[in-house]
Amino acid sequence: MNAENGPQVTVQPSSFRQFGTPADTFCIIVDEEFIDDFSIVLAPPYTRCMIVPIGPDGDLGKLLSTDVPATADVVAICRNTFLSSPDAATIGAGRRIVVLPCASTPVTADQIRYFLRVIERTDPTAQEAVADRFFEAVKNASHLRIIDAEHGTSCRFDPFAGGYVWNQQAGLLGPGEQQIAPAGELSVLPMDITEFDEDRRLALSGTLVLRGWPIVHAGYDRALDAEQADLYERLVPLRRNPLKLTVEDGSITDVRDAGGTAEGAALVAVFDELFTEEPRYRSIWELGFGINTGMEVSPANCGLNETYGAADGVVHIGLGLTPFTKFALTFICPAASLVDDAGTRVLGNRAAGEQGRRRVNRVRSASCGCH
């Protein structure tokens, strides 16, 4: 990296609030070729800091057991190393880990600097409160709808139809837990975040509008870099040109240009090609909800954009999952709203529900999402 020929990337651990009551030791894990490009500002409450390199095997669990103290707050910032997410036993009761998901998309030193500052101003207590209100509203609703008021579209989601896995990447970390950074994503998938089964579906039916920044994740094979960049450039016009997706039982059956433009027609052709090459892209694999309101979208193919929450939360849609599909595609849709069966807006709604009629089990920081 050579810090992109600029100054070092400076990490200020005393400003990180995800860890709650800090440990004595603060550790960052970086790609071994970039170790000289980072510096840590040691300040209370930490009494020791470390910069630990990781090799291309990405075995975070092994590194923890050999190079990281048993009691430490750990931040992984790896641009070229796709990390393997350790289980709680490997993390140990004395460590907590946050991971900047950098390796699946191109991430620059300037972007890392920006998102480190986002982490510093992210309030985990406030995010925890937003997550609590969100899940309370979900369990009090017989169904949810994703709507786009401008285009008059609605897509119904039954959150209790399939034994889904709800994930929370927000709030304070407890001992042995891990979380993405910047924090601020709630999501629902048909099964565990690291598993894929093309026969599983989210109970979604209706019409969705894609309009906003795309993210094209790869990360497992550097030989895909050029193809990844090309696909991202072909999808970027979604910022200006909305598409309407017809969804039946969680599967996309039709894609139409909502704006009547040449760019919109080209976008439809991109989706046709994707579905022909890999039919599993037709399955909507994830509904995500960004709740980080202290950041802006980085105008690039950047996986760190996924927690973007604008002012009141942002819906995003996920297609595919690496390595089961060549790419994993995320579409940030800031114009969409999530409403309950009474038509009350859920995302960003400050009125918590009363008595929950159904149980929603959420997995707190079970995985940092790095696979």
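**Entry 1: Terms and overall form**

I began with a term: helices and strands are DSSP runs, a helix having at least four residues and a strand at least two, and they are numbered from the N terminus. I noted that the model is predicted. In the protein chain I found 6 helices and 20 strands.

I then looked up the overall dimensions. Along the principal axes, the C-alpha atoms fill a box of roughly 55 × 50 × 35 Å. A compact globule with 371 residues would have a radius of gyration near 21 Å, and the chain has 20 Å, which agrees. I recorded that 56% of the 371 residues count as buried.

**Entry 2: A patch of negative charge**

Which residues gather in a patch of negative charge on the surface? I listed Glu 32, Glu 33, Asp 57 and Asp 59. I located Glu 33 in the loop between β2 (25-31) and β3 (38-40). Its relative accessible area is 46%, so I entered Glu 33 as partly exposed.

**Entry 3: Salt bridges**

I kept a general point in mind: side chains of opposite charge can pair when their charged atoms come close. A search of the whole structure gave 13 salt bridges, and I examined several of them.

I looked up Glu 136, which forms a salt bridge with Lys 139, with the closest N and O atoms 3.3 Å apart. Both residues lie in helix α4 (residues 124-139), 3 residues apart, which is about one turn of the helix. Glu 136 is buried because its relative accessible area, 18%, falls under 20%. Lys 139 counts as partly exposed at 26%.

I turned to Arg 211, which forms a salt bridge with Glu 150, the closest N and O atoms being 2.8 Å apart. This pair links distant parts of the chain, 61 residues apart. Arg 211 sits in the loop between β12 (204-210) and β13 (214-217), and Glu 150 in the loop between β7 (144-148) and β8 (153-157). Is Arg 211 buried or exposed? I found Arg 211 buried, with a relative accessible area of 17%, whereas Glu 150 counts as exposed at 62%.

I also examined Glu 273 and Arg 234, whose salt bridge has its closest N and O atoms 3.1 Å apart. This pair too links distant parts of the chain: Glu 273 is in helix α6 (residues 262-277) and Arg 234 in helix α5 (residues 225-235), 39 residues apart. Glu 273 counts as partly exposed at 41% relative accessibility, and Arg 234 counts as partly exposed at 31%. Finally, I noted that salt bridges sharing partners join Asp 148, Glu 150 and Arg 211 into one network.

How values were computed
Residues numbered from 1 in each chain as written. Predicted model: local features only at pLDDT ≥ 70, side-chain atom pairs only at ≥ 80, totals over all residues. Heavy atoms only, no water. Patch = residues over 30% accessible without salt bridge, like charges linked within 9 Å, V, L, I, M, F, W, Y side chains within 5 Å. Areas by Shrake-Rupley, 256 points an atom, 1.4 Å probe, with all protein chains shown as cover. Salt bridge = Lys/Arg side-chain N within 4 Å of Asp/Glu carboxyl O. Lys, Arg positive; Asp, Glu negative; His and termini not counted. Charge placed at Lys NZ, Arg CZ, Asp CG, Glu CD. Buried < 20%, exposed > 50% of the residue type's maximum accessible area, 1.4 Å probe, protein only. Rg over C-alpha atoms; globule rule 2.2 N^0.38 Å.
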